[in-house]
Amino acid sequence: MKLIVAVARDWGIGCDGNLLFDLPEDMSFFKKTTINKVVVMGRSTLMSFPGSKPLKDRTNIVLTRNKEFKRDDVIICNSIDDLFEELKKYNIDDIYVIGGGSVYEQLFPYCDEAFITKVDAVINADTYLHNFDEDKDWDLKFASEIHENNGLKFIFSTYVNKNVKNIGSISL
Ligand SMILES: NC(=O)c1ccc[n+]([C@@H]2O[C@H](COP(=O)([O-])OP(=O)(O)OC[C@H]3O[C@@H](n4cnc5c(N)ncnc54)[C@H](OP(=O)(O)O)[C@@H]3O)[C@@H](O)[C@H]2O)c1
């Protein structure tokens with residue numbers, strides 16, 4: 001399972017339910033990476049999409065504790081246990097955790113790779129990602145050259161997890 005995210009210098013990822021950045025090149029990277037794959041998100045992230053619609057050409061799995069929340073265009077899981085049961089149906093390398101903050105926080109230990117777009121800016125945020133640079137389990141494997149969109153400089157980076165937790169081993 002992989003994680004994909006865009007972060008500010010202070011690891012901020014969102015504010016008031018929205019993304020912090022508008023980076024078309026990063027959006028293209030996100031689309032190219034996740035297309036025809038399985039994407040796992042929290043309900044707030046689904047609601048932040050235009051029209052609250054799921055991402056096209058991807059299997060959308062949404063976590064919510066609200067058992068009344070019904071949608072026929074996404075797969076709904078009511079707990080991490082339910083999610084891990086559902087994820088057994090797919091190739092583990094085709095699964096991408098796409099946010100937001102609470103879902104990244106619960107699932108990053110189960111990911112073997114994280115695709116982190118690092119933006120050279122600090123923007124007012126209320127949602128943050130775990131600091132992968134301070135986590136000894138994670139190594140930086142790749143850092144791209146500097147890109148620039150809308151006046152913001154950023155790099156694409158890949159971190160690898162040396163101590164991946166097995167999704168079969170959870171017990172809540
Ligand atoms: N920078 C990026 O790449 C990026 C990517 C994605 C999102 N974001 C940003 O992140 C922010 C949203 O993050 P967030 O933490 O507020 O929300 P979130 O993680 O998207 O969704 C939180 C919701 O997910 C459900 N949930 C979480 N854990 C669960 C569990 N164990 N079992 C069942 N349901 C569970 C709950 O839904 P219910 O309340 O329905 O129970 C919870 O309220 C937004 O600002 C968004 O723009 C940034």
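The secondary structure of the protein chain comprises 4 helices and 12 strands, where helices (H or I, at least four residues) and strands (E, at least two) are DSSP runs numbered from the N terminus. This is a predicted model: local features need pLDDT of at least 70, side-chain atom pairs count only at pLDDT 80 or more, and totals for chains, interfaces and linings use all residues. Residues are numbered from 1 along each chain as its sequence is written.

**Exercise 1.** Determine whether strand β4 (residues 38-42) is enclosed by the rest of the structure or not.

*Solution.*
Step 1. A residue is buried if 20 or more other C-beta atoms, placed from the backbone, lie within 10 Å of its own.
Step 2. In a regular strand the side chains alternate between the two faces of the sheet.
Step 3. On one side of β4, V38, V40 and G42 are buried, and on the other side V39 and M41 are buried, which leaves both faces covered.
Step 4. Since 5 of the 5 residues of β4 are buried, the strand is largely enclosed by the rest of the structure.

**Exercise 2.** Identify the strands that pair with β4, and state which residues stand opposite V39.

*Solution.*
Step 1. Two strands pair if DSSP finds at least two bridges between them.
Step 2. Strand β5 (residues 59-63) runs parallel to β4 and is joined to it by 5 bridges; here V39 stands opposite N60.
Step 3. Strand β7 (residues 95-97) also pairs with β4 in the parallel sense, over 3 bridges, and Y96 of β7 stands opposite V39.

How values were computed. Buried ≥ 20, exposed ≤ 12 C-beta atoms within 10 Å, placed from the backbone.
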